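Me: I would like to go through one helix packing and some charged pairs in the model below. Please keep the answers short and show the reasoning.

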Amino acid sequence: FIEKSEDAWGLTNLISIVSGSILLFLTVLIVRSARDLWQSKSAGKQRYWLVICLILSNSGLVALVLFEQLGFLEQADLIISRSLMACVFTYLVSTSLFRIYPQAVFLNQSRSLKVKNPEMIEKLNQVFERDKLYQEQNFGRRELAQELSVSEAVASELVNSVYKKSIPQLLKEYRIEDAKVLLKQTRLTVQDVAKESGFGSLTSFNRTFQEVEGCTPTKFRRN
């Protein structure tokens, strides 16, 4: 029975090493580069540190199991170390998630108070006029709510109250206006203009520009 228990323990640790290594590789592979996360204006630094925590914690767990298998660490020490690391990891991830998605804390707050708050309206104006966060390709309803520290429903109601538009409509208008300035005043290619204005693809940019201005970006520049 003891031998079977030891075999099961060794097999479990081996599986932990392999699966942990695969997850670590996938984490590094699928996330955006650390530079892109760090430079992102929309909760980018918080996401950057969350990814770092995931990578370091996973690496630590794999290292602990590997040391135990090589005989540098006792089984009891491994269990204690792994439990402590799990507690630290849970704390770091939970606090990071609350910083990235603060609107979860505000779900029970009154919408009307938020919408009528002058400070909130000023912060909304800063997002669009000063910080120009809409120039990020992935900036949308959720990211705007994060910047305002409110729920997505409150963010939508606030935009509708101030601009009389939906969030997608407002983002589209700001991006098109930026694109028009770039088309007039620079020699950037249409594709670069689309990227600088916050559009995710050239096709989306051409379609939206045609819809708003009644002509293609190339024709607008030529005229």
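Reply: The questions that follow concern a predicted model, and they take up helix packing and then salt bridges.

Me: At what angle do helix α6 and helix α8 pack, and is that roughly parallel or roughly perpendicular?
Reply: Helix α6 covers residues 118-130 and helix α8 covers residues 152-163, with their axes 11 Å apart. The angle between them is about 85°. Angles of 65 to 115 degrees count as roughly perpendicular, so α6 relative to α8 is roughly perpendicular.

Me: Which residues make the contact between α6 and α8, and how do they divide into nonpolar, polar and charged?
Reply: From α6 the contact uses Met-120, Ile-121, Leu-124, Asn-125 and Phe-128. From α8 it uses Leu-158, Val-159, Val-162 and Tyr-163. By class, the residues of this contact are eight nonpolar, one polar and no charged.

Me: How many salt bridges does the model have?
Reply: The rule takes a side-chain nitrogen of Lys or Arg within 4 Å of a carboxyl oxygen of Asp or Glu. Under that rule the count is six.

Me: Which residue forms a salt bridge with Glu-173, and is Glu-173 buried or partly exposed?
Reply: The N to O distance of the pair is 3.8 Å. Glu-173 has 36% relative accessibility, so it counts as partly exposed. Its partner has 24% relative accessibility and is also partly exposed. That partner is Lys-165.

Me: How far apart in sequence are Lys-180 and Glu-177, and in which helix do they lie?
Reply: The two form a salt bridge, with the closest N and O atoms 3.4 Å apart. Glu-177 is partly exposed at a relative accessible area of 41%. Lys-180 and Glu-177 are three residues apart, about one turn of the helix, and both lie in helix α9 (residues 167-185).

Me: Is Lys-180 buried or exposed?
Reply: The cut-off for buried is under 20% relative accessible area. Lys-180 has 14%, so it is buried.

Me: Which parts does the salt bridge of Lys-180 with Glu-213 tie together?
Reply: The closest N and O atoms of this pair are 3.3 Å apart. Lys-180 lies in helix α9 and Glu-213 in helix α11 (residues 202-213), so the pair ties together parts that are 33 residues apart in sequence. Glu-213 is partly exposed, at 27% relative accessibility. The parts tied together are helix α9 and helix α11.

Me: Which residues are linked in a network of salt bridges?
Reply: Lys-180 forms a salt bridge with Glu-177, and Lys-180 forms another with Glu-213. The network therefore links Glu-177, Lys-180 and Glu-213.

How values were computed:
Residues are numbered from 1 along each chain as its sequence is written. This is a predicted model: local features need pLDDT of at least 70, side-chain atom pairs count only at pLDDT 80 or more; totals for chains, interfaces and linings use all residues. Side-chain values use heavy atoms; hydrogens and water are left out. Axes are lines fitted to C-alpha atoms, for helices over the stretch in contact, and angles run from 0 to 180 degrees between N-to-C directions. Helices (H or I, at least four residues) and strands (E, at least two) are DSSP runs, numbered from the N terminus. Angles under 35 degrees count as roughly parallel, over 145 as roughly antiparallel, 65 to 115 as roughly perpendicular and the rest as oblique. Contact means heavy atoms within 4.5 Å. Ala, Val, Leu, Ile, Met, Phe, Trp, Tyr, Cys and Pro count as nonpolar, Asp, Glu, Lys and Arg as charged, and the others, Gly among them, as polar. Buried means under 20% relative accessible area, exposed over 50%, partly exposed in between (1.4 Å probe, protein chains only).
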